[in-house]
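Visitor: I have a chain here and want to go through its cysteines and one of its helices. Can you put it up?

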Amino acid sequence: MEDWKHTPERNAPCWCGSGKKYKLCHMRQDERIRMWEREGHIVPTPGMIKNEKQIDGIRESGKINTAVLDHVAAHICAGMSTEQIDRLVEEKTRAFGAIPAPLGYEGFPKSVCTSLNDQVCHGIPSRDVILKEGDIVNVDVSTIYRGYYSDSSRMFIIGETTPERARLVQTAKECMQAGIAQVKPWQFLGDMADAVKQCAQKNGCSVVEEIGGHGVGLEFHEDPFVSYVAPKGTEMLMVPGMVFTIEPMINAGTEEICIDEENGWTIYTQDGKPSAQWEVTVAVTLDGCEILAW
Ligand code: MF3
Ligand code: CO
């Protein structure tokens with residue numbers, strides 16, 4: 001089904017593939033979506049609404065993603081190279097019978113992103129990057145399991161760090177949590193974004209604009225783009241069955257970023273101050289959200 005104007009007849013099977021009659025499945029929800037669309041709001045396309053079987057699949061993928069990050073958490077330490085983190089992620093993922101989604105994705109050369117200090121995201125694991133006391137590092141893991149994708153990341157502090165970096169890591173976590181608290185059906189992605197931005201500003205930090213979250217589940221990166229700077233009441237209506245990431249990138253200084261021209265991947269803060277990010281995959285439920293990977 002392409003849009004909300006061409007829905008099935010009430011006794012016909014639902015478009016979602018559940019096998020139920022439309023009137024007993026998505027009919028009422030679709031009427032509600034059409035109402036918001038008439039009011040001029042951005043609404044998801046039918047393709048963005050996952051059915052129960054698909055959410056079950058993404059949940060299983062997310063369990064592996066979470067376990068892989070737990071494995072990293074148990075082993076990460078000073079003196080380790082980011083290449084070793086890549087090995088930990090690849091081996092653990094394969095041990096579950098899953099595939100690391102980053103490997104070969106648009107030419108990305110490794111199985112995980114490892115972004116240190118002033119790196120905002122898409123750091124490439126390397127033998128030459130050795131974790132040292134005081135570093136803050138984001139480890140961003142994404143898994144494909146039985147065709148279903150999940151995506152989450154955490155920050156790790158190596159030993160003891162500076163108060164500025166420690167505060168930033170904490171603020172980034174609170175920003176993500178503030179966003180999660182606003183994931184509810186029939187509210188807007190902008191409501192979630194506004195909560196993230198308010199939390200960052202209250203703590204004297206900035207939010208990266210150009211890179212955001214994304215739908216996820218049947219592919220690595222699906223629509224919609226998820227902003228963390230949009231105003232309340234704007235952006236897409238959240239509807240049960242949508243699955244996307246909450247992954248704001250929070251900077252201690254300016255929100256401005258630049259790309260590593262040599263590798264074409266790694267994003268840095270313009271001012272060289274640190275950046276931090278936490279990421280979860282969430283599904284919108286009937287009354288809030290479910291975290292599928294963290
Ligand atoms: N995991 C990142 C995200 O949160 C995507 C990284 S793309 C890669 O969307 F190719 F660098 F892995
Ligand atoms: Co992501």
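Guide: We can take the cysteines, then a helix; bear in mind that this is a predicted model.

Visitor: How many disulfides are there?

Guide: The count is zero. A pair of cysteine sulfur atoms has to lie within 2.5 Å to qualify.

Visitor: What about Cys-14, how far off is the nearest cysteine sulfur?

Guide: That sulfur belongs to Cys-25 and is 3.6 Å away, so Cys-14 is in no disulfide under the 2.5 Å limit.

Visitor: And Cys-113, which cysteine has the nearest sulfur?

Guide: Cys-121, at 7.4 Å, and Cys-113 is in no disulfide either.

Visitor: Are those two buried or exposed?

Guide: Cys-14 counts as buried because its relative accessibility is 6%. Cys-113 is buried too, at 9%.

Visitor: Switching to α5. Where does it run, and what is its reach?

Guide: Helix α5 covers residues 189-202, which is 14 residues. From first C-alpha to last it reaches 20 Å, close to the 20 Å expected at 1.5 Å a residue.

Visitor: How many of its residues are buried?

Guide: 10 of the 14, so α5 is mostly covered. Among the buried ones are Leu-189, Met-192, Val-196 and Cys-199. Asp-191 and Asp-194 are on that list as well.

Visitor: What covers them?

Guide: The cover includes helix α4 (163-180) and the strands β6 (206-207), β8 (222-226), β9 (243-246) and β10 (249-251).

Visitor: What does Gly-204 do just after α5?

Guide: Gly-204 takes a positive phi of about 70° there.

Key: Residues numbered from 1 in each chain as written. Chains lettered and ligands numbered in written order. Predicted model: local features only at pLDDT ≥ 70, side-chain atom pairs only at ≥ 80, totals over all residues. Heavy atoms only, no water. Buried < 20%, exposed > 50% of the residue type's maximum accessible area, 1.4 Å probe, protein only. Helix = DSSP H or I, 4+ residues; strand = E, 2+ residues; numbered from the N terminus. Expected span 1.5 Å × (residues − 1). Contact = heavy atoms within 4.5 Å.
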